[in-house]
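Let's take a walk through this fold together, strand by strand. Keep the structure open beside you and follow along.

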Amino acid sequence: MFYHLLLQIYKLGIRVASLWQPKAKAWIAGRKNWRATLQSMFKEAPHSVIWFHCASLGEFEQGRPLMERIKQEQPNQKIVLTFFSPSGYDVRKNYQGADYIWYMPLDTQKNATDFINFLQPRLAIFVKYEFWYNFLYTLQVQNIPTFLIGGLFRQEQYFFKWYGKRYLHLLKGFSQLFVQNTASKQLLAKHGVNAVSLAGDPRIDRVFQIAQMVNSFPIVASFKNKQPLLVLGSTHPQDIAIWKTFIKKNKDWKILIVPHEVENLAIQQLENSLPVSAHRYTTLRKNTTTFPHPILIINTIGMLNQLYQYADVVYIGGGFGGGIHNTLEPAVFGVPILIGPKHEKFEEAKSMLRTKGMRMVKEEADIQPIM
């Protein structure tokens with residue numbers, strides 16, 4: 001009952017935010033008339049379906065190697081891919097490795113029952129962090145094999161609190177949980193969850209794939225020219241704030257900023273916050289060779305993981321907010337990486353810090369001695 005109330009409050013909040021927030025508006029529009037869409041697509045002879053669900057773009061990249069392996073070995077298998085966030089759906093809605101791509105409906109009991117009844121998947125695969133109660137409960141009631149890949153578990157998560165027993169029971173209902181580290185496996189075993197396998201991080205497979213088939217970006221190559229290039233990846237305003245003095249003082253560096261939010265208002269606010277003028281990627285011609293400004297802002301999505309090939313130093317954003325973004329993508333190119341202090345939930349970051357493959361900055365004054 002309490003969970004249902006929270007969902008309704010969340011839905012109301014999204015509807016209110018959609019009046020001015022493009023991402024919230026897309027969240028609602030993408031779920032409109034989903035029942036009619038699914039009924040139309042699946043009204044013919046039933047398909048053999050494997051359902052993958054990802055929260056957003058990062059989780060998609062983790063699940064992608066498995067999706068593509070299944071499609072390669074079982075080409076007649078239909079793959080349904082769902083996203084919760086517009087950030088993932090908007091970038092990968094035309095992804096050729098899946099047969100159907102949708103938003104996941106809000107996690108009500110009726111939505112979950114109808115959705116799964118339409119799909120009738122052979123099995124369901126959730127990536128890393130997605131634990132929607134009604135969808136998982138419905139899958140388990142219908143005895144549909146359900147798997148988690150790329151899982152990470154910590155003692156402070158709600159599964160292991162006194163109020164999380166119902167959710168812990170859902171974990172016990174998974175056919176198999178594939179986790180990234182031994183600590184997760186031991187924690188689950190301590191709480192009676194034993195269908196667990198240590199499989200590592202599936203993102204490693206994906207970043208190696210990316211490194212082996214990178215595209216070239218002539219504008220970025222021309223912008224860098226022969227100067228050192230600092231890439232500020234997946235940044236938030238708090239990240240940009242600590243780099244202002246460095247940008248202002250170090251004229252010999254070129255700066256490539258790839259912000260986490262690329263809506264026009266967010267880009268305008270970013271430009272206004274910078275101590276020097278910047279170019280926008282989408283306003284430049286492919287044959288541009290003259291760059292009067294030292295900063296290039298990538299105001300489009302889906303390029304960052306390949307742009308690291310041009311970097312001399314990388315800073316990964318998010319470490320002064322909710323947590324850092326993907327550090328494996330630049331690591332595969334062998335470039336020095338800097339991060340902010342909020343990284344404790346990220347095993348790969350902790351490992352690279354221990355082995356000196358990464359440095360942490362806590363404030364603006366930490367940057368100049370490192371660079």
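A good place to start is the pairing of Phe 178 with Ser 197 in strand 7, since the two stand opposite each other. What you are looking at is a predicted model. Strand 6 (residues 176-179) and strand 7 (residues 196-198) run parallel and are joined by three bridges. To get from strand 6 to strand 7, the chain passes through helix 9 (residues 182-190), and this β-α-β crossover is right-handed.

Now look to the other partner of strand 6. Strand 5 (residues 146-151) runs parallel to strand 6, again with three bridges between them. Here Phe 147 is found opposite Gln 176. Strand 5, helix 8 (residues 165-172) and strand 6 together form a right-handed β-α-β unit.

Next, move to strand 1. How many residues of strand 1 (residues 49-54) are buried? Six of its six are, leaving the strand mostly covered. Val 49, Trp 51 and His 53 point one way, while Ile 50, Phe 52 and Cys 54 point the other way. Strand 1 has parallel partners too. Six bridges tie it to strand 2 (residues 78-83), and Phe 52 sits opposite Leu 81 of that strand. Four bridges join strand 1 to strand 4 (residues 123-127), where Leu 123 is the bridge partner of Ile 50. Strand 1, helix 4 (residues 57-73) and strand 2 make up another β-α-β unit, and this unit is right-handed.

Trp 51 also leads us into the nonpolar interior. The largest nonpolar core has 44 residues, and Trp 51, Phe 115, Leu 119, Phe 153, Leu 171 and Leu 188 touch the most other members. Try selecting Phe 153: leaving aside residues up to four places away in sequence, its contacts include Phe 131, Leu 148, Leu 171, Val 179 and Leu 188. Apart from this core lies another, of 31 residues, among them Leu 229, Leu 307, Tyr 308 and Ile 316.

Finally, let's turn to the open space. Which residues lie nearest the centre of the largest pocket? They are Ser 56, Leu 57, Gly 58, His 260 and His 325, out of 47 residues in the lining. The space in this pocket comes to about 1400 Å³. Helix 4, which we met between strand 1 and strand 2, supplies at least two residues of the lining, as do helix 2 (22-29), helix 5 (86-92), strand 9 (254-259) and helix 14 (304-307).

Terms used. Residues numbered from 1 in each chain as written. Predicted model: local features only at pLDDT ≥ 70, side-chain atom pairs only at ≥ 80, totals over all residues. Heavy atoms only, no water. Buried < 20%, exposed > 50% of the residue type's maximum accessible area, 1.4 Å probe, protein only. Pairing = 2+ DSSP bridges. Right-handed = clockwise from strand over helix to strand, strands pointing away. Core = buried A, V, L, I, M, F, W, Y, C linked by side-chain atoms within 4.5 Å. Contact = heavy atoms within 4.5 Å. 1 Å grid on protein atoms, 1.4 Å probe; cavity = no way out; pocket = protein on both sides within 12 Å on 5 of 7 lines; lining within 4 Å. Points joined across faces, edges and corners; volume = space filled by probe spheres on them.
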